[in-house]
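Colleague: Mind if I poke at the labels you've put on this one? I'd like to hear what backs each of them up.

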Amino acid sequence: MSDLITHQLPADIEQRRDPYPWLDRLRRSGPVQRVELRGGGHAWMVTRYDDVMTATAHPSLSSDPRTPGSAASLSARPGGDGRRPPSMLTTDPPDHTRLRQLVSRAFTPRRVAALRPRVQQIADSLIDAVAPLGRADLVADFALPLPVAVICELLGVPFEDRGQFGRWSADMLSPPVAPAAAAAAEQARADLGGYLADLVVRKRAEPADDLLTALAAAGEENRLSDAELVGTAVLLLVAGHETTVSLIGTGTLLLLLHPDQLDRLRREPALLPSAVEEFLRYDGPVMLGVVRYAREDLHLAGTAIAAGETVVLSTGAANRDPGRFDRPDVLDIARAHNPHLALGHGLHYCLGAALARLEGQIAIGTLLRRLPALALAVNEEAVRRRPSVIRGLATLPVTFTPTA
Ligand code: HEM
């Protein structure tokens with residue numbers, strides 16, 4: 001049995017330059033630890049690699065926040081969690097299987113590989129705009145617009161609306177530590193849902209060759225409800241942009257903070273795929289972990305968990321587990337065997353994994369090729385995003401040698 005020490009989740013954990021010593025201490029305290037959350041309530045955090053793997057497939061752990069007895073289900077009320085449109089991320093089989101199947105064809109490695117020339121074109125045009133300037137904010141000028149343009153094109157969402165849904169998405173991902181933040185998140189979810197529902201009506205009137213049109217057609221054939229359709233579109237838009245922005249920003253920052261690794265990648269560009277895997281392992285966007293709810297009383301690594309309790313499978317802690325990774329705190333872009341859990345594991349394994357990898361590799365490869373003498377700006381520090389489900393950067397000021 002693990003002892004019953006309760007840890008406090010630090011308020012600034014996502015914004016720390018290095019949050020891993022805290023996760024390390026948690027892992028050393030025992031495999032499953034009770035953590036008081038910032039907004040009240042508690043969760044059990046699972047920190048060891050093997051236990052996180054086991055827990056992702058545990059039949060008593062659900063992805064559905066409406067699980068009876070869970071904090072989210074208890075707070076379900078009109079306008080609260082109960083109104084959240086369902087998506088594959090927050091459902092279990094058989095609904096999960098049906099919802100995932102409807103979109104999985106758009107994200108197979110083959111379909112995604114076919115996007116390579118277009119992703120490269122977008123990356124190049126973004127760099128064309130900043131190359132003559134000699135300085136840029138790599139988040140606003142590059143890491144953000146690249147995945148947003150790609151997911152908008154895939155879904156068929158007008159790119160000119162991106163400013164609007166970027167704000168909604170940021171509000172939705174803020175932890176609901178204060179009632180105002182929770183209300184803003186609910187409002188943003190409702191606004192984005194409303195925007196996408198209108199767009200679906202337009203796609204039905206004017207079908208196009210995009211994912212939203214395909215989902216609208218599946219809706220008409222009763223393969224998914226209107227709420228599920230909107231939930232799926234919201235999920236893809238948010239998952240498809242926030243996380244990859246963070247991968248590109250953090251990956252670039254890590255290289256600039258580790259000049260030996262940067263030099264090596266310049267000399268051996270064939271290491272790009274393994275470098276991206278290492279960025280995901282070393283400081284992935286879903287740092288704290290993925291959330292599950294206990295469907296019934298269960299034991300996890302010797303710890304009793306009661307029905308309805310929240311369990312966080314800490315992918316960030318698992319990815320630094322010395323029981324699984326050699327020198328886990330060393331950034332090694334040539335790491336040979338890197339079975340990290342940054343993209344999840346099991347049934348809910350990231351549907352956009354191939355796309356995220358493609359975007360990360362093209363983005364970082366293009367930066368290194370096209371911006372000579374890339375360096376952190378001297379008088380301006382990178383700023384981390386406000387606390388959010390996703391860890392990443394709000395700004396990354398850099399300088400480089402201007403080119404025409
Ligand atoms: C699921 C991470 C990019 C779409 C997940 C999960 C993780 C994750 C950890 C598992 C959640 C769970 O088990 O509860 C990431 C990271 C990304 C990334 C780190 C970028 C570096 C993307 C992109 C898309 C996407 C580009 C789509 C365009 C999804 C979807 C799911 C998912 C739809 C739900 C899958 C399911 O429930 O079956 N992602 N993701 N992700 N991701 Fe990603």
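Colleague: Which residue follows α8, and what is its phi like?

Modeller: That's G156, with a positive phi near 90°. Keep in mind that this is a predicted model.

Colleague: And what makes you call α8 largely enclosed by the rest of the structure?

Modeller: A residue counts as buried if 20 or more other C-beta atoms lie within 10 Å of its own. In α8 (residues 145-155), ten of the eleven residues pass that test, so the helix is largely enclosed. Among the buried ones are P145, L146, V150, C152 and L155.

Colleague: How do you know that β3 is largely enclosed too?

Modeller: The burial test again: four of the five β3 residues are buried, so the rest of the structure largely encloses this strand.

Colleague: What is β3 paired with, then, and in which sense?

Modeller: With β2 (residues 32-36), β3 runs antiparallel over five bridges, and with β9 it pairs in the parallel sense over four bridges. Two bridges are enough for strands to count as paired, so both of these pairs qualify, with five and four. V46 stands opposite V32 of β2 and opposite L313 of β9. The β2-β3 hairpin has five residues between the strands, and G40 there has a positive phi near 95°.

Colleague: Why is the pairing in the six-stranded sheet called mixed?

Modeller: The order is β1-β2-β3-β9-β6-β4, an open sheet with mixed pairing. Look at β9: its pairing with β3 is parallel, while β6 (residues 290-294) and β9 (residues 310-313) are antiparallel over four bridges. In that second pair, V290 stands opposite L313.

Colleague: What makes β1 and β4 the edge strands?

Modeller: β1 (6-8) and β4 (61-62) each pair on one side only.

Colleague: How do you know that α2 packs on this sheet?

Modeller: Helix α2 (residues 49-56) touches β3, β4, β6 and β9, and its direction makes about 125° with that of β9. A touch here needs C-beta atoms within 7 Å.

Colleague: What about the three-stranded sheet: what is its order?

Modeller: β5-β13-β10, open, with antiparallel pairing. The edges are β5 (135-137) and β10 (375-376). β10 and β13 (residues 397-399) share two bridges, and two is the minimum for a pair, so they count as paired, with two bridges. L376 stands opposite V398 there.

Colleague: Which residues touch the most other members of the largest nonpolar core?

Modeller: Out of 98 residues, they are V46, A143, L146, L155, A233, L237 and V311. Helix α12 supplies the largest share of the core, 13 residues. A233 touches L155, L196, L212 and L215, leaving aside residues up to four places away in sequence. As a general matter, nonpolar side chains tend to be buried together in soluble globular proteins.

Colleague: And the ligand: which elements give two or more residues to the shell around it?

Modeller: α12 (226-257) and α16 (353-370), with α12 giving the most, seven residues. The residues around the ligand number 26, and G240, T243, G344, C350 and G352 come nearest.

Colleague: How does that shell divide by residue type?

Modeller: Into 16 nonpolar, nine polar and one charged. Gly goes with the polar group and Cys with the nonpolar one.

Key. Residues numbered from 1 in each chain as written. Predicted model: local features only at pLDDT ≥ 70, side-chain atom pairs only at ≥ 80, totals over all residues. Near = placed C-beta within 6 Å. Buried ≥ 20, exposed ≤ 12 C-beta atoms within 10 Å, placed from the backbone. Core = buried A, V, L, I, M, F, W, Y, C linked by C-beta atoms within 7 Å. Contact = placed C-beta atoms within 7 Å. Axes fitted to C-alpha atoms, helices over the stretch in contact; angles between N-to-C directions.
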